[in-house]
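Please open the structure in your viewer and keep the sequence beside it. The tour below proposes one selection after another and states what is found at each.

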Amino acid sequence: MITSFPSHINPIISNLLALIQIVGTVQIGQFILVRYWKTNETLLSLAIGMIFVSQIGYLFTLNKMTITLLYPLSFFLLGLGIFNIIRVTLSKNYLKLNNIQNNYIFFFISINFILISMSPPTNADALDYHWGIPMYLLRHNEWAPTSIWLKGSLAGIGEVYNTLGVISHAENLGTILQSFSLIALAFYLTKSTDYNKTVFIRLFIITSPVLLFMVSTPKPQLFPQVLTATALFLTIKEKDIDLKTFTLITILLMGAAQQKL
């Protein structure tokens, strides 16, 4: 039986570990994007990185012998995240948020969404199988049989990614992913627009009341919507879609579909 580490850990440390793992995820996606698509977008790096890591983790869960590889995969993300943070800090290549100085409402809402995503989820789905499936995987070395747990069949690679967070006690990894992906989408869609359009589009994206629920749960729902929105944007952005762009769109859509299936 695989058991997790002692569960007594400061919530601040837990959320810090989740942020570091997300940085590691972005770094993996960035490596793939630069190598095959010759681009370096934070949103696309996060999307490709999460899909790639989750797919690898899912393959590990298909066998009782290989499921233990989820542990080194989780700590590899932590190590990669720490390395990247140190590298960026030493190079002084900090993230520049354009037009943020006069867009305080967007900045304020974004910070609040991140803080909300760092709080313990209380909705039924999260407590049932979005956290339950990861715990079952780690305790029993296999997926929950649907004969004893119907909702176990609803799990997908989103729960695999949550499992990586549970291993390192970064339980809010999947939840923080939701808020960060939304903020990254707002910046991605407005990178080439003028100031007035930028302010409107960002506030239009981030001020929907239903987001309060979505950013407070590890339920893989908001992140797949970000993936499909990005795929749609890429589809209508280019007049002629080449093979590389088509492949990227396909990966985003397949990744979105597999989050809960």
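Begin by selecting N141, which sits in the loop between α6 and α7. The model shown here is a predicted one. Is N141 buried or exposed? With a relative accessible area of 14%, N141 is buried, because buried means under 20% relative accessible area. The backbone at this place also deserves attention: N141 is not a glycine, yet its phi is positive, near 60°. For comparison with the general rule, most residues other than glycine have a negative phi.

**The whole chain**

Now display the entire protein as a cartoon. How many helices and how many strands does it have? There are twelve helices and zero strands. Followed from the N terminus, the elements accordingly read α-α-α-α-α-α-α-α-α-α-α-α.

Turn the model to view it from several sides. The C-alpha trace spans about 55 × 40 × 40 Å along the principal axes. For 261 residues, a compact globule would have a radius of gyration near 18 Å, and the protein agrees with this, because its own value is 18 Å.

Switch on the surface next. The protein exposes about 13,300 Å², and 69% of this area comes from carbon and sulfur atoms. Of the 261 residues, 48% count as buried. If the charged residues are coloured, 16 positive and 10 negative charges appear, and the mean positions of the two groups are 7 Å apart.

How do distant parts of the sequence meet? Among contacts between residues at least 6 apart in sequence, 76% join residues at least 24 apart. Some of the following stops show pairs of residues that are separated along the chain.

**A pair of rings**

Select Y58 and W143 together, and show their side chains. The structure holds six aromatic pairs, and Y58 with W143 is one of them. The two ring centres are 6.0 Å apart, the planes meet at 55°, and the pair is tilted. Which parts of the chain does this pair tie together? Y58 belongs to helix α2 (residues 42–60), while W143 lies in the loop between α6 (132–140) and α7 (157–167), so the pair links parts that are 85 residues apart in sequence. Both residues are partly exposed: Y58 has a relative accessible area of 31%, and W143 has 22%.

**Another positive phi**

Move to K38, in the loop between α1 (11–36) and α2. Although K38 is not a glycine, it has a positive phi of about 55°. Is K38 buried or exposed? K38 is exposed, with a relative accessible area of 64%. N141, seen at the start, also has a positive phi, but N141 is buried.

**A buried threonine**

Select T217 in the loop between α10 (211–214) and α11 (222–237). T217 is buried, with a relative accessible area of 1%. Which residues are in contact with T217, apart from neighbours within four places in sequence? They are P121, N123, A126, T175 and Q178. Then add P120 to the selection: T217 and P120 are 97 residues apart in sequence, and their C-alpha atoms are 8.2 Å apart.

**Two stops on helices**

Go to helix α4 (residues 104–117) and pick I111. I111 is partly exposed, at 36% relative accessible area. Draw a distance from its C-alpha atom to that of I183: the separation is 9.7 Å, for residues 72 apart along the chain.

Finally, select L189 in helix α8 (residues 173–189). L189 is partly exposed, with a relative accessible area of 22%. Leaving aside neighbours within four places in sequence, the contacts of L189 are with I205 and F233. I201 may be added to the view as well: I201 and L189 are twelve residues apart in sequence, and 8.0 Å separates their C-alpha atoms.

How values were computed: Residues numbered from 1 in each chain as written. Predicted model: local features only at pLDDT ≥ 70, side-chain atom pairs only at ≥ 80, totals over all residues. Heavy atoms only, no water. Helix = DSSP H or I, 4+ residues; strand = E, 2+ residues; numbered from the N terminus. Rg over C-alpha atoms; globule rule 2.2 N^0.38 Å. Buried < 20%, exposed > 50% of the residue type's maximum accessible area, 1.4 Å probe, protein only. Contact = heavy atoms within 4.5 Å. Areas by Shrake-Rupley, 256 points an atom, 1.4 Å probe, with all protein chains shown as cover. Lys, Arg positive; Asp, Glu negative; His and termini not counted. Charge placed at Lys NZ, Arg CZ, Asp CG, Glu CD. Phe/Tyr/Trp six-rings, centres within 6.5 Å; stacked < 30°, edge-to-face > 60°.
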